[in-house]
Amino acid sequence: MGKIPLVIRRVQCSLCNATHALLPSGIVPYSQVLLTDHAAIASSFEDGRDGREVMDTNPELSPGQVFYILSLYIRFWRQRLLSESLPLSPAHALTKPCIRLFGRQFMQIKNTRNLLFVPPT
């Protein structure tokens, strides 16, 4: 469906003076690829395929991006998910356990602290 520009809200903590970005849970920090696509590529690998069929559903993905995501999954995330018996599907269900157990969003590589915020009512 194309690229959609996002405005990322940043807030400054009054206690620690740090600046934090508030991201929707479907976004992988420091990645331009959605969480659902990351999970679909990883699931494809677990099913014995190479992830390229995900490009059929998202034409914005390049073979290089798929290869990069797959290599990150194998290097950093596969054993973590297996050790905690976390399934790849549904993708949105990975957010809370990954942040709780590993301190980061699924497929996030940079080591920055993540918290889940309860949406205001």
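**Two cysteines and an aromatic cluster**

Let me begin with Cys 16, whose sulfur lies 3.6 Å from the closest cysteine sulfur, the one in Cys 13, which is too far for a bond, since a disulfide is here a pair of cysteine sulfur atoms within 2.5 Å. As a reminder, a disulfide is a covalent bond between the sulfur atoms of two cysteines. Seen from the other side, the sulfur of Cys 13 has its closest cysteine sulfur in Cys 16, again at 3.6 Å and too far for a bond, and by this rule the count comes to 0 disulfides.

Before I go on, please keep in mind that this is a predicted model, in which local features need pLDDT of at least 70 and side-chain atom pairs count only at pLDDT 80 or more, while totals for chains, interfaces and linings use all residues. Residues are numbered from 1 along each chain as its sequence is written, and side-chain values use heavy atoms, with hydrogens and water left out.

How exposed are these two cysteines? Cys 16 is partly exposed, at a relative accessible area of 46%, and Cys 13 is partly exposed as well, at 24%; buried means under 20% relative accessible area, exposed over 50%, and partly exposed in between, with a 1.4 Å probe and protein chains only.

Now to the rings. The structure holds 3 aromatic pairs, where rings of Phe, Tyr and Trp (its six-membered ring) pair if their centres lie within 6.5 Å, and planes under 30 degrees apart count as stacked, over 60 as edge-to-face and the rest as tilted. One of them joins Trp 77 and Phe 102 edge-to-face, with 5.6 Å from centre to centre and 80° between the planes. This pair links distant parts of the chain, 25 residues apart, because Trp 77 is in helix H3 (residues 63–84) and Phe 102 is in helix H4 (residues 95–102), helices being DSSP runs (H or I, at least four residues) numbered from the N terminus.

Trp 77 also pairs edge-to-face with Phe 106, at 5.5 Å centre to centre and 70° between the planes. Phe 106 lies in the segment after H4, so this pair ties together parts that are 29 residues apart in sequence. Ring pairs thus link Trp 77, Phe 102 and Phe 106 into a cluster. Within this cluster, Trp 77 is buried at 0% and Phe 106 is buried at 0%, whereas Phe 102 is partly exposed at 21%.

Finally, which residue puts its charged end over the ring of Trp 77? That residue is Arg 80, 5.1 Å from the ring centre, and its charged end also sits over the ring of Phe 102, 5.8 Å from the centre; the rule asks for NZ of Lys or CZ of Arg within 6 Å of the ring centre and within 35 degrees of the ring normal.

Note on methods
Helices (H or I, at least four residues) and strands (E, at least two) are DSSP runs, numbered from the N terminus.
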